[in-house]
Amino acid sequence: MHAEGSDVIATDLLWLPTWTLCKREITRFLRQRGRIVGAVGTPLIFWLMFGGGLYKSFQLDGVEGSYLEFTFPGAIAAILLFTAIFSMITVIDDRDNGFMQGVLVAPVSRAAIVLGKVMGASALAVGQAVVFLLFAPLAGLRPGVADVVVTIGAMVVLAVGVCGLGFWIAWRMETTQGFHAIMNLVLMPMLALSGAFFPITGAARIVGWLMTINPMTYGVALLRCSFGGVAEDTASRIHWTLALGVSVGFAALMVVLSLITARREARQAAV
Amino acid sequence: MSNIVAVNGLSFRYGDRLALDDISLSVTRGSMFALLGPNGSGKTTFFRILATLLTPQDGTATIDGFDVVKDCAAVRRRIGIVFQSPSLDIHLSVAENLRHSGHLYGLRGGDLQQRIDAALAAVTLADRRGERVKALSGGMRRRAEIARVLLHRPQLLILDEPSTGLDPAARAELWRHLGRVQAESDATILVTTHLMDEAERCDRVAIFDRGKLVITGTPDELKSRIGGDCVTIRGGDLKQLAADIDAANFGPARALDKALRIETTSATKLAADLMQRFGERISELTIGRPTLDDVFIHETGHVFETSSESTSSKQKGRR
């Protein structure tokens with residue numbers, strides 16, 4: 001055997017490593033049934049419990065239809081967020097065992113590590129959210145094919161955003177416990193104050209402000225607009241163009257921040 | 001023969017602690033080279049610098065003429081790294097792991113498949129290719145790790161404590177495979193180890209202690225520096241016995257873990273004298289050729305500690 005590597009131009013590889021890291025995320029997920037059950041089952045159970053339990057207890061201000069119906073897009077957002085969280089914990093696990101070290105000593109661009117992880121986790125998140133769409137009739141919802149297609153597009157945007165956020169946080173964490181702490185401190189409030197469970201129009205003023213600056217609010221609004229086939233989400237009074245703009249901007253920002261973090265650590269280590 | 005690794009004045013600090021102090025050494029192409037040292041000696045830090053995972057504060061290291069800091073992409077194509085902690089995904093099969101790894105090096109298609117077949121054959125795991133890694137024994141996993149790093153045909157294989165966690169049979173098997181890999185390729189193999197018998201198997205050994213390179217040479221060269229044999233004594237109250245032996249001008253007697261050792265050019269006479277003088281306090285006396293353990297004690301003046309956990313190896317660094 002002789003080193004053919006010597007003949008290859010010495011640049012870091014991007015797309016093939018991105019693809020293989022992405023594929024590995026999906027393969028290992030499908031082989032861990034517990035993760036599938038956790039990511040789809042938990043939001044489904046909570047949605048049915050709260051949506052069903054509060055079915056007739058609340059009539060939300062400015063919201064038509066049942067509570068189960070109202071929280072359906074919110075449950076989709078929850079699935080996307082939970083999957084992102086579970087997937088990004090593996091960033092820390094991979095680093096603790098030798099898997100990530102094996103990637104870091106290969107001639108792989110740091111961007112491939114970010115993109116592979118984020119794309120893989122986003123594919124998983126969207127896949128599970130699509131499965132969840134099958135439960136829409138339980139809430140009396142019967143979306144048209146076009147609405148479902150547009151909703152899947154919205155899910156992709158939202159998934160990339162939350163997975164990018166997850167990577168950005170996880171890459172800098174030393175332990176999974178630290179990640180859980182951030183999850184409870186930041187990610188869960190982001191979901192709670194996204195308009196997934198109650199409309200912004202009926203919230204106290206300070207909560208309303210927090211909801212307005214929460215990027216998840218626009219993601220949930222985008223899901224409501226696309227799923228309901230309406231131009232404006234009545235619960236948040238956010239137009240779909242604003243919802244799409246903020247969601248795309250958030251996703252792009254999170255991916256860029258993840259790329260910068262993954263590369264900056266390289267430079268810090270080089271000092 | 002040219003050198004594949006050339007290290008000059010290499011130093012590394014974790015904060016204020018000097019983990020590597022002005023290391024200079026070279027590794028000949030095609031050889032099997034051991035970095036021998038106790039935990040905390042700096043060998044793992046040295047390994048991580050060669051693996052392009054840490055950047056030294058001072059000095060240079062080149063692999064095949066490429067600087068490990070400035071030309072790390074070129075270096076990464078030329079090295080294959082086996083870490084102490086397993087780098088295979090246990091949820092994937094052996095072949096899936098290898099395919100994944102090949103992709104990381106830009107390999108694909110039929111070429112990759114052929115390389116996977118060859119690498120698995122080299123470590124006799126061809127019949128396990130479809131099995132999930134979690135179903136393999138520790139020894140097989142380590143061999144699969146070696147197959148993984150052979151795919152891109154590295155010029156330099158670097159293994160960090162490769163037999164950690166393996167039973168003696170699996171260790172012997174691993175070294176048999178390493179020998180075979182080296183014989184069938186032009187690859188240079190560099191191993192960090194704290195095990196003397198593993199270092200003895202290598203062409204050359206560099207002994208590390210407390211961040212310094214103590215000495216480099218072939219195992220025979222190093223042992224010949226002792227210039228004689230070693231008498232090892234076991235018995236009760238070794239501390240007092242050592243003091244008495246020194247006082248009687250038979251020493252110096254160096255204290256090992258549960259024994260005393262004396263270097264001498266006339267072992268038979270010394271043994272007879274010791275038995276005559278201290279016979280009732282000695283439970284066992286053996287005469288042996290020097291080992292690398294003796295070399296370590298001879299060169300550093302203290303015992304080779306293997307029990308304490310390395311702090312340097314716990315340090316994390318990413319690039």
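**Helices, sheet and loops of chain B**

On the other side of α4(B) from its buried residues, Gly110(B), Asp111(B), Gln114(B) and Ala121(B) are exposed. The structure described here is a predicted model. The buried residues of this helix are Arg115(B), Ile116(B), Ala119(B) and Leu120(B). Viewed down the axis of α4(B), these buried residues fall within an arc of 130 degrees, so they line one face of the helix. The cover over the buried residues of α4(B) includes two other helices of chain B, α3 (94–104) and α5 (138–150). Helix α4 itself comprises residues 109–122 of chain B, 14 residues in total. From its first C-alpha to its last, α4(B) reaches 20 Å, close to the 20 Å expected at 1.5 Å a residue. After α4(B) comes Thr124(B), which has a positive phi, near 45 degrees.

Chain B as a whole contains eleven helices and 14 strands. The chain has 319 residues, of which 45% count as buried. Its C-alpha trace spans about 75 × 45 × 35 Å along the principal axes. Among the contacts in chain B with a separation of 6 or more, 70% are accounted for by residues 24 or more positions apart. Chain B is divided into domain 1, residues 3–218, and domain 2, residues 228–289. Taken over C-alpha atoms, the centres of domain 1 and domain 2 of chain B are separated by 40 Å.

The model scores ipTM 0.83 and pTM 0.82. In chain B the pLDDT averages 86, and 95% of the residues score at least 70. Over residues 308–319 of chain B, the pLDDT is below 50. This stretch nevertheless has 30 contacts in the model beyond near neighbours in sequence.

Four strands of chain B form an open sheet in the order β2-β1-β4-β5, with antiparallel pairing. The edge strands of the sheet are β2 (17–28) and β5 (66–67) of chain B, each of which pairs on one side only. Strand β1 (residues 3–14) of chain B is joined to β4(B) by five bridges, and the two run antiparallel. Across this pairing, Asn8(B) stands opposite Thr60(B) in β4(B). Strand β4 (residues 58–63) of chain B is in turn joined to β5(B) by two bridges, again in an antiparallel arrangement. Ile63(B) has Phe66(B) in β5(B) as its bridge partner, and Thr62(B) stands opposite Asp67(B) in β5(B). The hairpin of β4(B) and β5(B) has two residues between the strands. Within this hairpin, Asp64(B) takes a positive phi near 55 degrees.

Positive phi values also occur at two arginines of chain B. Phi of Arg153(B) is near 50 degrees, a positive value in a residue other than glycine. Arg153(B) is found in the loop between α5 and β7 (156–160) of chain B; helix α5(B) is also among the elements that cover the buried residues of α4(B). Arg153(B) is buried, because 23 other C-beta atoms lie within 10 Å, and 20 or more are required for that class. Arg210(B) likewise is not a glycine and has a positive phi, of about 50 degrees. Its place is in the loop between β9 (204–209) and β10 (212–217) of chain B. With 15 C-beta neighbours inside 10 Å, Arg210(B) counts as partly exposed.

In chain A, Val186(A) is placed in helix α8, which covers residues 176–192. Val186(A) has 11 other C-beta atoms within 10 Å and is therefore exposed, the limit for that class being 12 or fewer. Ala196(A) lies ten residues from Val186(A) along the chain, and the C-alpha atoms of these two residues are separated by 16 Å.

Definitions and conventions: Residues are numbered from 1 along each chain as its sequence is written. Chains are lettered from A and ligands numbered from 1 in the order in which they are written. This is a predicted model: local features need pLDDT of at least 70, side-chain atom pairs count only at pLDDT 80 or more; totals for chains, interfaces and linings use all residues. The expected span of a helix is 1.5 Å times one less than its number of residues. The arc is that of the directions from the helix axis to the C-beta atoms. Two residues are in contact if their C-beta atoms, placed from the backbone, lie within 7 Å. Domain bounds come from an automatic or database domain assignment. pLDDT is the predictor's confidence in each residue, from 0 to 100. Two strands pair if DSSP finds at least two bridges between them.
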